[in-house]
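Okay, thanks everyone, I'll keep this short. Let's pull the model up and walk through it together.

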Amino acid sequence: MTTAADLDALRTDFIEKVGLIAQNEGLPRIAGRVFGLLVFDGDIVAFGDLAERLQVSRGSISSATRTLEDRGLIKRVGKPGQRQDFFRLAENPYENMLNTVAAGLDRARCEIADTLEQIPGDETGIRDRIGSYARLYDAMSAAVTRSVKDLK
């Protein structure tokens with residue numbers, strides 16, 4: 001049987017893991033921790049409570065929530081009679097996450113394709129290497145697009 005202490009330890013571990021995952025993907029670690037907390041708890045959480053629960057400054061929470069909102073992962077909500085903001089997971093946060101990945105892959109693919117178009121036709125070695133690189137981004141983009149469809 002799982003005790004409350006076991007579940008609390010699991011929650012803490014999950015939040016930290018998501019923070020590290022976010023950091024590895026170039027996001028602030030605190031943003032990942034905020035996201036992890038909202039995923040695990042599934043609640044609407046007040047701005048001040050995020051800072052308290054994660055034991056970080058309000059400034060860090062402000063920056064993290066802006067980042068997550070911009071990526072469509074969380075939503076800011078108000079409550080009647082409350083002055084502070086509240087946050088919850090956005091609708092379809094995982095689809096939004098994949099769409100962000102897809103957009104980044106498409107930007108990279110376009111940059112590589114632009115270079116490929118400028119390489120003279122007689123430079124076959126360069127064209128082959130860059131063409132292979134471009135196909136990598138084509139394959140990754142197709143895989144992410146399929147993943148978005150799988151989430152629906």
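Before anything else, a bit of vocabulary: when I say buried I mean under 20% relative accessible area, exposed is over 50%, and partly exposed is whatever falls in between. And keep in mind that this is a predicted model.

So take Arg76. Its relative accessible area is 32%, so it goes in the partly exposed bin. Asp85, at 30%, goes there as well. These two form a salt bridge, and their closest N and O atoms sit 2.5 Å apart.

By the rule used here, the count comes to ten salt bridges. Let me show you a couple of others. In helix H1, Lys17 pairs with Asp13, with 3.1 Å between the closest N and O atoms. Why are those two about one helical turn apart? Because they are four residues apart in H1. Lys17 has a relative accessible area of 46%, which makes it partly exposed, and Asp13 counts as partly exposed at 36%.

Then there's Arg53 with Asp41, closest N and O atoms 3.5 Å apart. That pair links distant parts of the chain, since Arg53 is in helix H3 and Asp41 is in helix H2, twelve residues away. Arg11 comes into it too: Arg11, Asp41 and Arg53 are linked in a network of salt bridges.

Now, staying with H3, residues 47-54. Which of its residues are buried? Phe47, Gly48, Leu50, Ala51 and Leu54. They cover an arc of only 160 degrees around the axis, so they end up on the same side of H3. The cover over them includes H1, H2, strand S1, helix H4 and strand S3. Right after H3 you hit Gln55, whose phi is positive, near 55 degrees.

Okay, the core. The largest nonpolar core has 19 residues, and Leu50 and Leu54 are among those touching the most other members, along with Val34, Leu37, Leu38, Ile61 and Leu68. H1, H2, H3 and H4 each supply at least two residues of this core, and H2 gives the largest share, five. If you click on Leu54 and ignore neighbours within four places in sequence, you'll find it in contact with Ile15, Arg33, Val34, Leu37 and Ile61. There's also a second, separate core of six residues, including Ala102, Leu105, Ile112 and Val144.

Last stop, the surface. Leu7, Leu10 and Phe40 make a nonpolar patch of about 260 Å². Leu7 lies in H1, and its relative accessible area is 43%, so partly exposed again.

That's my tour, over to you.

How values were computed. Residues numbered from 1 in each chain as written. Predicted model: local features only at pLDDT ≥ 70, side-chain atom pairs only at ≥ 80, totals over all residues. Heavy atoms only, no water. Patch = residues over 30% accessible without salt bridge, like charges linked within 9 Å, V, L, I, M, F, W, Y side chains within 5 Å. Areas by Shrake-Rupley, 256 points an atom, 1.4 Å probe, with all protein chains shown as cover. Salt bridge = Lys/Arg side-chain N within 4 Å of Asp/Glu carboxyl O. Buried < 20%, exposed > 50% of the residue type's maximum accessible area, 1.4 Å probe, protein only. Arc of directions from axis to C-beta. Contact = heavy atoms within 4.5 Å. Core = buried A, V, L, I, M, F, W, Y, C linked by side-chain atoms within 4.5 Å.
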